[in-house]
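Please look over the chain below from its fold to its interior before reading on.

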Amino acid sequence: MADVARHVRVTGRVQGVFFRAWAQGEARELGISGWIRNCADGSVEAHLEGDEHDVTRMTERLRRGPSNAQVDEVSVEEASPQGLGRFELRR
């Protein structure tokens, strides 16, 4: 079971720049489970679960994004763990 879970929304130029695939690689490196998906408004949202330190590190990575993205804002809310075993790309 995950120690913490957070729901994150990232705005800026975050769609069409491989943001989700990059985030999946970062999450797997940190041992984070959850999911990430594009939203109709052009933002990206993610559900992160894992050790608090690793979830915090993942959130900081999302604030930077991959080199071809431009992150304008990141909002973070506490969430309930869903017991996910891996990090998925969702539509």
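**From fold to core**

Two helices and five strands make up the protein, where helices (H or I, at least four residues) and strands (E, at least two) are DSSP runs numbered from the N terminus. Read from the N terminus on, these elements follow the order β-α-β-β-α-β-β. This is a predicted model, in which local features need pLDDT of at least 70 and side-chain atom pairs count only at pLDDT 80 or more, while totals for chains, interfaces and linings use all residues. Residues are numbered from 1 along each chain as its sequence is written, and side-chain values use heavy atoms, with hydrogens and water left out.

The radius of gyration of the protein, taken over C-alpha atoms, is 12 Å, which agrees with the value near 12 Å that a compact globule of 91 residues would have; the globule rule is 2.2 Å times the number of residues to the power 0.38. Along the principal axes, the C-alpha atoms fill a box of roughly 35 × 25 × 20 Å.

Of the 91 residues, 44% count as buried, meaning under 20% relative accessible area with a 1.4 Å probe and protein chains only. The largest nonpolar core, a set of buried Ala, Val, Leu, Ile, Met, Phe, Trp, Tyr and Cys residues joined through side-chain atoms within 4.5 Å, has 21 residues, and V10, F19, I32, I36, L48, M58 and L62 are those with the most contacts inside it. Two or more residues of this core come from each of β1 (4-13), α1 (19-30), β3 (44-50), α2 (52-64) and β4 (70-78), and α1 gives the largest share, four residues. Leaving aside neighbours within four places in sequence, M58 is in contact (heavy atoms within 4.5 Å) with A23, E26, A27, L30, I32 and L48.

Notes:
Buried means under 20% relative accessible area, exposed over 50%, partly exposed in between (1.4 Å probe, protein chains only).
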